[in-house]
Amino acid sequence: MKILAIESSCDETAAAVVEDGTKVLSNVINTQIDLHKAFGGVVPEVASRKHIENISDVIDIALAEAEVSLSEVDAIAVTYGPGLVGALLVGVSTAKALAFAAKKPLIPVHHIKGHICANYIEYPDFKPPFICLVASGGHSHIVYVKDYNTYEVLAKTGDDAAGEAFDKVSRVLGLGYPGGPAIQECAKSGNPDAIRFPRVNMGDSGFDFSFSGVKTAVINYIHNAEQKGLEINKADIAASFQNAVIDVLSGHLIECAKKYKTKRIALAGGVAANRPLRERCERLAHENNMEFVCPSMKLCTDNAAMIGCAAYYEYRAGKLADMSLNAIANLALG
Ligand code: KG4
Ligand code: ZN
């Protein structure tokens, strides 16, 4: 079964053709990062306008690279939430138009399910049940994936997402957007134990996240140093901040896996592209006799192949949409 998948929830216009869930025939990503760099973050209206300009070309290229025509695909899948609503609407209305014109089933996909399913593409033997840490610019969730269609959110953030904290700290340090890769690079020459930034546990279970405290602590640290006329060591700040975030993300993931007696853990989302985070989780998994997987960098950040993969399992569960499908900015996972 060949699915044409479309993703436009944030600042990547993406289309892919995926066969039987895990065989990626094409995966085209048109990123707007350079456009938003000037603003230090994603400007929603600018993102929507760029999506509408690019989406037809991106889809044409995805079909051409997969060497299939629209009439040869079996279904059209699209991210319908969560995300920036104006950005999502471009993908949703395009997918609806294509499904209507080509008389194909329309499969609505939750963006976070897509991130999680990215793991199936590269690890065909990796199957539910497992516990996945999904950390991106908009979300920080620990999700219990009970089977291909049953997801339970075990923990989430009460304020900022992990990626958002990376982006904000990067901006304060003058390292630019997106913050994650910039902080990771700057941190390479820093001491991760130079400054003790806070590690916060939230919620009844203690597994919920809060990243606004660590972000504020970094900002206060920099302001204090400036007021005293002291020079700051950006590399030490970046490394210490990154270390604090990794301690919390990896710690909660492992503790959740222990609590739910799961021997399989996974990472997903843009922050999962962070090398020290991947390495820490891999080490902790090994120490605790757990199987660990994480998508390659290209499948961690937003892409449509992951949406095509998730769509396959949605389709098999009969979850289709009709022409009333709408975008839902804060779509819950369930
Ligand atoms: O999944 P994604 O592409 O988009 C959303 O769904 O939000 O994630 C983007 C986020 C940004 O906040 C970016 O700074 C972060 O992922 N990110 C990273 C790294 N690469 C991207 N964070 C930490 N380390 C990285 N190497
Ligand atoms: Zn994402």
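**Exercises on a predicted model**

**Exercise 1. A salt bridge within one helix**

Task: Explain why Lys-258 and Glu-255 are separated by about one helical turn, then describe their contact and exposure.

Solution.
- Step 1. Lys-258 and Glu-255 are 3 residues apart in helix α8 (residues 234-259), so about one helical turn separates them. The model is predicted.
- Step 2. Look at the side chains. Those of Lys-258 and Glu-255 form a salt bridge, with 3.5 Å from N to O.
- Step 3. Check exposure. Lys-258 has 42% relative accessibility and so counts as partly exposed. Glu-255, at 38%, is also partly exposed.
- Step 4. Turn to a network elsewhere. Asp-160, Glu-164, Lys-168 and Lys-215 are joined into one network by salt bridges that share partners.

**Exercise 2. A salt bridge between distant parts of the chain**

Task: Find where Lys-215 and Asp-160 sit in the chain, and decide whether each is buried or exposed.

Solution.
- Step 1. Start with the total. The structure has 14 salt bridges.
- Step 2. Pick out the pair. The side chains of Lys-215 and Asp-160 form a salt bridge at 2.9 Å, N to O.
- Step 3. Place both partners. Lys-215 is in helix α7 (residues 212-227), and Asp-160 is in the loop between β8 (150-155) and α5 (162-172). They are 55 residues apart, so this pair links distant parts of the chain.
- Step 4. Apply the cut-off. Buried means under 20% relative accessible area. Lys-215 has 13% relative accessibility, so it counts as buried. Asp-160 has 8%, so it counts as buried too.
- Step 5. Add one further pair. Glu-19 and Lys-23 also form a side-chain salt bridge, at 3.8 Å from N to O.

**Exercise 3. Two helices that cross**

Task: Classify the crossing of α4 and α11, and list the residues that meet.

Solution.
- Step 1. Choose the quantities. Two packed helices are described by the angle between their axes and the distance between the axes.
- Step 2. Read them off. The axes of α4 (residues 111-122) and α11 (residues 305-316) come within 7 Å and cross at roughly 95°.
- Step 3. Classify. Angles of 65 to 115 degrees count as roughly perpendicular. Therefore α4 and α11 are roughly perpendicular to each other.
- Step 4. List the α4 side. His-111, Lys-113, Gly-114, His-115, Cys-117, Ala-118, Tyr-120 and Ile-121 take part.
- Step 5. List the α11 side. Ala-305, Met-306, Ile-307, Cys-309, Ala-310, Tyr-313 and Glu-314 meet them.
- Step 6. Sort the contact residues. There are 10 nonpolar, 3 polar and 2 charged.

**Exercise 4. Helix α11 itself**

Task: Test the span of α11 against the expected span, and say how many of its residues are buried.

Solution.
- Step 1. Compute the expected span. It is 1.5 Å times one less than the number of residues. For the 12 residues of α11, this should give 16 Å.
- Step 2. Compare. The end C-alpha atoms of α11 are 17 Å apart, which agrees.
- Step 3. Count burial. Of the 12 residues of α11, 10 are buried, so the helix is mostly covered. Among them are Met-306, Gly-308, Ala-311 and Tyr-312.
- Step 4. Look past the end. Gly-318 follows α11 and has a positive phi, near 75°.

**Exercise 5. The surroundings of Ala-235**

Task: Which residues does Ala-235 touch, not counting residues up to four places away in sequence?

Solution.
- Step 1. Locate Ala-235. It lies in helix α8. Its relative accessibility is 10%, so Ala-235 counts as buried.
- Step 2. Name the contacts. Ala-235 touches Cys-186, Ala-187, Ser-189 and Gly-190.
- Step 3. Compare sequence and space. Ala-235 and Asn-191 are 44 residues apart in sequence, with 7.3 Å between their C-alpha atoms.

**Exercise 6. Backbone exceptions**

Task: Where are the residues Glu-67, Asn-289, Pro-129 and Pro-178?

Solution.
- Step 1. Set the expectation. Most residues other than glycine have a negative phi, and most peptide bonds are trans.
- Step 2. Take Glu-67. Its phi is positive, near 60°. Glu-67 is in the loop between α2 (44-66) and β4 (75-81). At 72% relative accessible area, Glu-67 is exposed.
- Step 3. Take Asn-289. Its phi is positive, about 55°. Asn-289 is in the loop between α9 (275-287) and β10 (291-293). At 61%, Asn-289 is exposed.
- Step 4. Take Pro-129. The peptide bond from Pro-128 to Pro-129 is cis, with omega near 5°. Pro-129 is in the loop between α4 and β6 (130-135).
- Step 5. Take Pro-178. A cis peptide bond joins it to Tyr-177, with omega about -5°. Pro-178 is in the loop between α5 and α6 (179-187).

Conventions
Residues are numbered from 1 along each chain as its sequence is written. Chains are lettered from A and ligands numbered from 1 in the order in which they are written. This is a predicted model: local features need pLDDT of at least 70, side-chain atom pairs count only at pLDDT 80 or more; totals for chains, interfaces and linings use all residues. Side-chain values use heavy atoms; hydrogens and water are left out. Axes are lines fitted to C-alpha atoms, for helices over the stretch in contact, and angles run from 0 to 180 degrees between N-to-C directions. Helices (H or I, at least four residues) and strands (E, at least two) are DSSP runs, numbered from the N terminus. Angles under 35 degrees count as roughly parallel, over 145 as roughly antiparallel, 65 to 115 as roughly perpendicular and the rest as oblique. Contact means heavy atoms within 4.5 Å. Ala, Val, Leu, Ile, Met, Phe, Trp, Tyr, Cys and Pro count as nonpolar, Asp, Glu, Lys and Arg as charged, and the others, Gly among them, as polar. A salt bridge is a side-chain nitrogen of Lys or Arg within 4 Å of a carboxyl oxygen of Asp or Glu. Buried means under 20% relative accessible area, exposed over 50%, partly exposed in between (1.4 Å probe, protein chains only).
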